[in-house]
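Time to open the notebook and look up some side-chain contacts. I'll start with charges and then move on to rings.

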Amino acid sequence: MKKKKLLLIGGGGYLGAKLSTLLKKNFSVTVCQRSVFKEKGINFFTLDGKNFEDCELKINNYDTVINLAAVLGNKKPYQNFKHNVNLFLNTYLASIKNNIKNYIFISSNSVYESYVKHKSLEPNIYSYNFY
């Protein structure tokens, strides 16, 4: 039986690396991101998520696309936010245009809240980033 083809966008990050290792046992897994990714048994290509034409060209012939990508860092939060929204929209719209049946948006573990204690020992929640 032919394995289903999965594309993990941002698959070289913490979540993606763990997920791709687990999924490659039962699926044909491809990872795409901005930087090089090397893992035995996993295909790889680079993707400029800000460029719709690049997304449209490369995000095709997959059964499922899983988006784990996010640009992080607090130095330019508005620029990061804009980049992440464009990345999502371009990859999602390219998936629709290329008739990919499943698009799963996970984002990144770094966009979630963090628990921080101050000297007063009162718990406070602060976000790592703009989200």
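**Entry 1: charges in a helix**

I should jot down that this is a predicted model. I began with helix α2, which covers residues 52–58 and holds both Asp54 and Lys58. They sit four residues apart, about one turn of the helix. I looked up their contact and found a salt bridge, with the closest N and O atoms 3.1 Å apart. How many salt bridges does the structure hold? I get two.

Next I checked accessibility for this pair. Asp54 comes out as buried, because its relative accessible area of 16% is under the 20% cut-off. Lys58 is at 27%, so I wrote it down as partly exposed.

**Entry 2: the other salt bridge**

Which residue does Glu56 meet in a salt bridge? My lookup gave Lys97, with 2.9 Å from N to O. This pair links distant parts of the chain: Glu56 belongs to helix α2, while Lys97 is in helix α3 (residues 77–97), and their positions lie 41 residues apart in the numbering.

Are the two ends buried or exposed? Glu56 has 23% relative accessibility, so I noted partly exposed. Lys97 reaches 52%, and since exposed means over 50%, that label fits Lys97.

**Entry 3: rings**

I switched to aromatic pairs and counted four. Why does the pair of Phe88 and Tyr92 count as stacked? Their planes are at 10°, and under 30 degrees counts as stacked, so that settled it for me. The ring centres are 5.5 Å apart. Both residues lie in helix α3, four residues apart, which is about one turn of the helix. I have both down as partly exposed: Phe88 at 25% and Tyr92 at 33%.

Tyr92 turned up again, this time with Tyr103. Here I noted an edge-to-face pair, with 5.1 Å from centre to centre and 75° between the planes. This one also links distant parts of the chain, from Tyr92 in helix α3 to Tyr103 in strand β5 (residues 102–105), eleven residues apart. Tyr103 is buried, with a relative accessible area of 18%.

Then I followed the ring pairs along. They join Phe88, Tyr92, Tyr103 and Phe105 into a cluster.

**Entry 4: a charge over a ring**

Last lookup: which residue lies over the face of Tyr62? I found Lys5 there, at 5.3 Å from the ring centre.

Notes
Residues are numbered from 1 along each chain as its sequence is written. This is a predicted model: local features need pLDDT of at least 70, side-chain atom pairs count only at pLDDT 80 or more; totals for chains, interfaces and linings use all residues. Side-chain values use heavy atoms; hydrogens and water are left out. A salt bridge is a side-chain nitrogen of Lys or Arg within 4 Å of a carboxyl oxygen of Asp or Glu. Helices (H or I, at least four residues) and strands (E, at least two) are DSSP runs, numbered from the N terminus. Buried means under 20% relative accessible area, exposed over 50%, partly exposed in between (1.4 Å probe, protein chains only). Rings of Phe, Tyr and Trp (its six-membered ring) pair if their centres lie within 6.5 Å; planes under 30 degrees apart count as stacked, over 60 as edge-to-face and the rest as tilted. A charge sits over a ring if NZ of Lys or CZ of Arg is within 6 Å of the ring centre and within 35 degrees of the ring normal.
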